[in-house]
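User: Could you take a close look at one part of this protein for me? I'd like to hear about the aromatic rings and how they pair up.

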Amino acid sequence: MLEIILPEKWKTISKGLQKLLNLSLVLLGGILVFFLFRELIYLLIDACTGNHNVHDILGKVLVFFLYFAFISMIVTYFSESHHFPLSYLLYIGITASVRYIIVNNGNPLANFWLSIVILLLAFSYILLTPKGKRYKDKRRKMQ
């Protein structure tokens, strides 16, 4: 179908831009891996020095999971034929909102609204994911 709509010159430009996007995502993935390991080192340093600030440690753990989610989203982009699954964006939104609530716990009204946002994101995930896939994922986790 694309052959009918686009002339050969535009197909070449499109392929070049796709390669540039792929290269950019590989570079971004490398940078995120660096920051992921840096955050892991910070967590190990906190564990060795005996940091007992729960909010600080949980904030770092959630940042670690955000890096991990972005890296896994890039990997999934390449394994799913150049498509970002919407579920990953919902996971990242939920994780980022939870992190914000944990780190910035001084404003109860803002935390309330962020809790509503988390509820809406979770509800969106339930609506987005077919029932059969959720059931298979649950069974896979139980094994």
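Analyst: Happy to; here is a walk through the aromatic pairs, with a little background on the chain first. Please keep in mind that this is a predicted model. The protein chain has 6 helices and 0 strands, and 26% of its 143 residues count as buried.

Now to the rings. The structure holds 7 aromatic pairs. One of them joins Tyr88 and Tyr91, whose ring centres are 5.8 Å apart with 75 degrees between the planes. That angle makes the pair edge-to-face, because planes over 60 degrees apart count as such. Both tyrosines sit in helix α4 (residues 86–103), and because they are 3 residues apart there, about one helical turn separates them. As for exposure, Tyr88 has a relative accessible area of 22% and Tyr91 has 35%, so each counts as partly exposed.

Phe112 and Trp113 make another edge-to-face pair, with centres 5.2 Å apart and planes at 70 degrees. Phe112 is partly exposed too, at 43% relative accessible area.

Rings can also be linked into a group: Phe34, Phe35 and Tyr67 form a cluster through ring pairs.

One more aromatic residue deserves a mention, this time for its place on the surface. Trp10 lies in helix α2 (residues 8–49) and is partly exposed at 45% relative accessibility. Together with Ile13, Leu17 and Leu20, Trp10 forms a nonpolar surface patch with about 410 Å² of accessible area. For the whole chain, the accessible surface comes to about 10,600 Å², and 72% of that belongs to carbon and sulfur atoms.

Conventions:
Residues numbered from 1 in each chain as written. Predicted model: local features only at pLDDT ≥ 70, side-chain atom pairs only at ≥ 80, totals over all residues. Heavy atoms only, no water. Helix = DSSP H or I, 4+ residues; strand = E, 2+ residues; numbered from the N terminus. Buried < 20%, exposed > 50% of the residue type's maximum accessible area, 1.4 Å probe, protein only. Areas by Shrake-Rupley, 256 points an atom, 1.4 Å probe, with all protein chains shown as cover. Patch = residues over 30% accessible without salt bridge, like charges linked within 9 Å, V, L, I, M, F, W, Y side chains within 5 Å. Salt bridge = Lys/Arg side-chain N within 4 Å of Asp/Glu carboxyl O. Phe/Tyr/Trp six-rings, centres within 6.5 Å; stacked < 30°, edge-to-face > 60°.
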